[in-house]
Amino acid sequence: MPAVIARGFGRVALALVSFLVFAGPAAADEVLNLYSHRHYGIDQEINALFTEQTGIEVKVVNADADQLIERLKSEGENSPADLLVTVDAGRLQIAKEQGLLQPLAADVLAAATPEGLRDPEGYWYPFTARARVIMVNKERVEPGAITSYENLAEERWRGKVAIRSSSSAYNQAWVASMVAANGVEATEEWAKAVVANFARPPQGGDRDQIRAVANGLADVCISNAYYLGTMINSTDAADREAASRVRVVFPNQENRGAFLNVSAAGLTRHAKNIDAARKYLEFLVSPEVQQMIAEGSYEYPISLDFEATPTFEAWGPFEYDTTSFPEIGDHLDDAIEIFDRAGWQ
Ligand code: FE2
């Protein structure tokens, strides 16, 4: 009966562990487990501060959101994860749909976030906002020459557009928002024309597109705004110099607004540490942590405070798209198929 013996042994071992935990000092007996797609240095400081203030230890498993979703699925109720943390809302919308999350009633969190940018049923809550914008070479592109995402398809930009691969969750969510706004057919036509305008086959991350615009390899690119923020405020002189050659254009100000995505977290279906998860989410939207994020990763505070840093203030306020936001998850598959048909690598 090896299974019974093993189980019996497990119980003894568990009792011993519990004894040791309760006999020890009170600190760090509570743990919060994150499955996170975030990849920003400031997060370690934030988590350390949370532990300092609450005594709750934060354990992080880092991977991309699709891998984390697969892992949640295969682990089922044995999953140690309490929160699924992503860098885009689309993946959380999918995780919710697949039954991997549970709702969390949290007035503090709801109050901290503009209504159009969160899940109305509380399955996940955002804590940073990130605008996916157009950036242009200041010398080569005069103000007003490009004002919308739709403009990227125009023939005048032939061979002048730099953008990363379609495998990026950032591009997928952004094009899903194009589908929500313009429909599948029009977005496919648009994507084909954008591909025809590529300055080079997609390569690198957002910062590499900014560098391509800075050095004249391309005239325009698409990037999350915070990547330019990191370059403007970089300790690397070459990055600061490149950033100085680039101008931010917040697109679609005449209609639906610039595409805004969020970094957000959802309580997992089988979370064991729900109180700790709630504390952590409330901590993330506290003014102190929101300022750490604004100054540390150059993401916008979730309150959309456009004056939180000198960098944001210089870029100025902008209108953002809340109409297509709730539908990103619904159109991710459309976006991926469009990339495929358009030959967008
Ligand atoms: Fe990023």
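These notebook entries record what I looked up in this structure, which is a predicted model.

**Iron site**

I began with the iron ion and listed its protein donors, which are His39 (NE2), Tyr40 (OH), Tyr170 (OH), Tyr226 (OH) and Tyr227 (OH), lying 2.0 to 2.7 Å from the ion. Reading these donors along the chain, I noted the spacing H-Y-x129-Y-x55-Y-Y. I then checked the burial of two of the donors, and found that tyrosine 226 and tyrosine 227 are both buried.

**Cavity**

Next I turned to enclosed space. Rolling a probe the size of a water molecule over the atoms shows where empty space is left. I found one cavity of 30 Å³ or more in the structure, and the largest cavity holds about 30 Å³ of space. Its lining is made up of Val87, Arg130, Arg132, Tyr170, Asn224, Phe259 and Asn261, and the elements that give two or more residues to this lining are β4 (125-137) and β8 (259-267). When I sorted the lining of the largest cavity by class, I counted three nonpolar, two polar and two charged residues. Tyr170 appears in this lining and is also one of the donors of the iron ion.

**Pocket**

For open space I looked up the largest pocket, which has a volume of about 230 Å³. Its lining has 16 residues, and those nearest its centre are Ser36, Asp43, Gln44, Asn47 and Val60. Two or more residues of the lining come from each of β1 (30-36), α2 (42-54), β2 (56-62) and α11 (274-284), and α2 gives the most, with four residues. By class, I recorded nine nonpolar, five polar and two charged residues in the lining of the largest pocket.

**Asparagine 171**

I located asparagine 171 in helix α6 (residues 169-182). Is asparagine 171 buried or exposed? It counts as buried because its relative accessible area is 0%, where the cut-off for buried is under 20%. Leaving aside neighbours within four places in sequence, I listed its contacts as Arg132, Ile163, Arg164, Ser165, Ser166, Phe339 and Trp344. Of these contacts, Arg132 was already in my notes as part of the lining of the largest cavity.

**Valine 195**

Valine 195 sits in helix α7 (residues 184-196), and I noted that it counts as buried because its relative accessibility is 18%, again against the cut-off of under 20%. Beyond its neighbours within four places in sequence, valine 195 is in contact with Ala342, Gly343 and Trp344. Trp344 is also among the contacts of asparagine 171. I also looked up the separation between the C-alpha atoms of valine 195 and leucine 217, which are 22 residues apart along the chain, and found 16 Å.

**Helix α8**

In helix α8 (residues 206-214) I listed the buried residues as Asp206, Gln209, Ile210, Ala212, Val213 and Ala214. An α-helix has 3.6 residues a turn, so residues three or four places apart point the same way. After α8 comes glycine 216, whose phi is positive, near 85°.

**Glutamine 102**

My last entry is for glutamine 102, which I placed in the loop between α4 (89-97) and α5 (107-112). A polar atom of the side chain of glutamine 102 lies 3.3 Å from the backbone oxygen of arginine 269. Setting aside neighbours within four places in sequence, I found glutamine 102 in contact with Gly122, Tyr123, Leu267, Thr268, Arg269, His270, Ala271 and Ile274.

Conventions
Residues are numbered from 1 along each chain as its sequence is written. This is a predicted model: local features need pLDDT of at least 70, side-chain atom pairs count only at pLDDT 80 or more; totals for chains, interfaces and linings use all residues. Side-chain values use heavy atoms; hydrogens and water are left out. A polar contact is a pair of N or O atoms within 3.5 Å; within protein, one must be able to donate a hydrogen and the other to accept it, and residues adjacent in sequence count only if both atoms are side-chain atoms. Contact means heavy atoms within 4.5 Å. On a 1 Å grid over the protein atoms alone, a cavity is a set of points where a 1.4 Å probe fits but cannot get out, and a pocket is an open set with protein on both sides within 12 Å along at least five of seven lines; lining residues have an atom within 4 Å of a point. Grid points are joined across faces, edges and corners, and a volume is the space filled by probe spheres set on the points. Ala, Val, Leu, Ile, Met, Phe, Trp, Tyr, Cys and Pro count as nonpolar, Asp, Glu, Lys and Arg as charged, and the others, Gly among them, as polar. Donors are N, O and S atoms within 2.8 Å of the metal (3.2 Å for Na, K and Ca); water is not among the atoms, so sites may look incomplete. Buried means under 20% relative accessible area, exposed over 50%, partly exposed in between (1.4 Å probe, protein chains only).
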